[in-house]
Amino acid sequence: NILSSSIEIQEIFEKKISDPYIGHTLEIDPSARIINWVNDNFKPIGNENVFNVTIIDASITQTQFENKEAKNFDEKNNYLYELFYLIEFSLFDDSGSLITSTLVETSRSTTSGIYISIQEKDNIIDDLIYNSLVDISNETTKLLTNYMANYIL
C-alpha cells in the first residue's frame with residue numbers, strides 16, 4: 001500500500017524489433033509483465049500524492065555463442081538469453097514536486113541449445129522472466145523500504 005491517491009505507470013522504453021532483441025516476438029513482452037506486476041502488487045491509499053512507476057528498460061536479447069567446453073555429443077553453438085529491467089519509482093506531491101524516488105535494476109541470463117522445440121524455448125524465456133520478476137520484487141521491497149518507508153503501509 002502506497003500513501004498516494006493514484007499510481008501512474010509510464011513506459012519510456014522503446015521496444016526494439018531488430019536482432020538481438022526478441023521482446024517483440026513474445027506473446028506477453030517483459031514490459032507488459034512489469035505493468036501487470038505493478039498493478040497486482042501496489043495499491044494506492046490516501047487522497048494526496050501521486051506514485052509514478054517509469055519503465056526505463058525492459059529488454060530481452062538472444063545471442064548465439066560458441067560453447068568451447070562442449071563435449072563430443074554436446075551442441076557446439078548455444079543461445080544466451082539476457083533480460084534487463086530498469087524501473088524508477090517516484091512519489092510526487094499534489095503540486096508536482098518530487099518527494100522521493102529510487103531506481104531499481106536487475107539483470108538475469110540463461111542459456112539453451114539452438115535446436116530445441118518452440119515450447120521449450122517459451123518455457124526457458126518464461127522462467128527467465130519469472131525469476132527476473134522475483135529479483136525485481138525483492139530489490140524493490142528493499143529499496144522502497146529504505147527510501148520510501150514513510151509512505152508505505
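A helix here is a DSSP run (H or I) of at least four residues, numbered from the N terminus. With that in hand, helix α2 gives an easy opening case: lysine 142 and glutamate 139 are three residues apart in helix α2, so about one helical turn separates them. Their side chains form a salt bridge, with the closest N and O atoms 3.4 Å apart. Keep in mind that this is a predicted model.

Now for how open that spot is. Lysine 142 has 52% relative accessibility, so it counts as exposed, the cut-off for that label being over 50%. Glutamate 139 counts as partly exposed at 25%.

**Salt bridges**

The count comes to five salt bridges. Three of them, including the one just described, are set out here by their N to O distance.

| Acid | Base | N to O distance |
|---|---|---|
| aspartate 126 | arginine 33 | 3.0 Å |
| aspartate 135 | arginine 108 | 2.8 Å |
| glutamate 139 | lysine 142 | 3.4 Å |

What does the bridge between aspartate 126 and arginine 33 link? Distant parts of the chain: aspartate 126 belongs to helix α2 (residues 118–147) and arginine 33 to helix α1 (residues 30–41), 93 residues apart. Aspartate 126 is partly exposed, at a relative accessible area of 33%, and arginine 33 is partly exposed too, at 22%.

Helix α2 also reaches a strand. Aspartate 135 lies in helix α2 while arginine 108 lies in strand β6 (residues 98–113), so their salt bridge ties together parts that are 27 residues apart in sequence. Aspartate 135 counts as partly exposed at 22% relative accessibility, and arginine 108 is partly exposed with 31%.

Elsewhere, salt bridges with shared partners join Glu11, Lys15 and Asp29 into one network.

**Aromatic rings**

On to the rings. A pair of aromatic rings is described by how far apart the centres are and by the angle of the planes. The structure holds five such aromatic pairs. In one of them, phenylalanine 51 and phenylalanine 89, the ring centres are 5.9 Å apart and the planes sit at 20°, so the pair is stacked, as planes under 30 degrees apart count that way.

Where do the two rings come from in the fold? Phenylalanine 51 is in strand β4 (residues 50–66) and phenylalanine 89 is in strand β5 (residues 77–92), so this pair ties together parts that are 38 residues apart in sequence.

Are these two residues buried or exposed? Phenylalanine 51 counts as buried because its relative accessibility is 0%, and phenylalanine 89 is buried with a relative accessible area of 0%; the cut-off for buried is under 20%. Ring pairs also link Phe51 and Phe89 with Trp37 and Phe42 into a cluster.

One more ring has a charge for company: the charged end of lysine 16 sits over the ring of tyrosine 21, 5.1 Å from the ring centre.

**The β5 and β6 pairing**

Strand β5, home of phenylalanine 89, pairs with β6 in the antiparallel sense over 15 bridges. One of the bridge contacts puts isoleucine 87 opposite valine 104, its partner in β6. The hairpin of β5 and β6 has five residues between the strands, and in that hairpin glycine 96 takes a positive phi near 90°.

Conventions
Residues numbered from 1 in each chain as written. Predicted model: local features only at pLDDT ≥ 70, side-chain atom pairs only at ≥ 80, totals over all residues. Heavy atoms only, no water. Phe/Tyr/Trp six-rings, centres within 6.5 Å; stacked < 30°, edge-to-face > 60°. Helix = DSSP H or I, 4+ residues; strand = E, 2+ residues; numbered from the N terminus. Buried < 20%, exposed > 50% of the residue type's maximum accessible area, 1.4 Å probe, protein only. Lys NZ or Arg CZ within 6 Å of the ring centre and 35° of its normal. Salt bridge = Lys/Arg side-chain N within 4 Å of Asp/Glu carboxyl O. Pairing = 2+ DSSP bridges.
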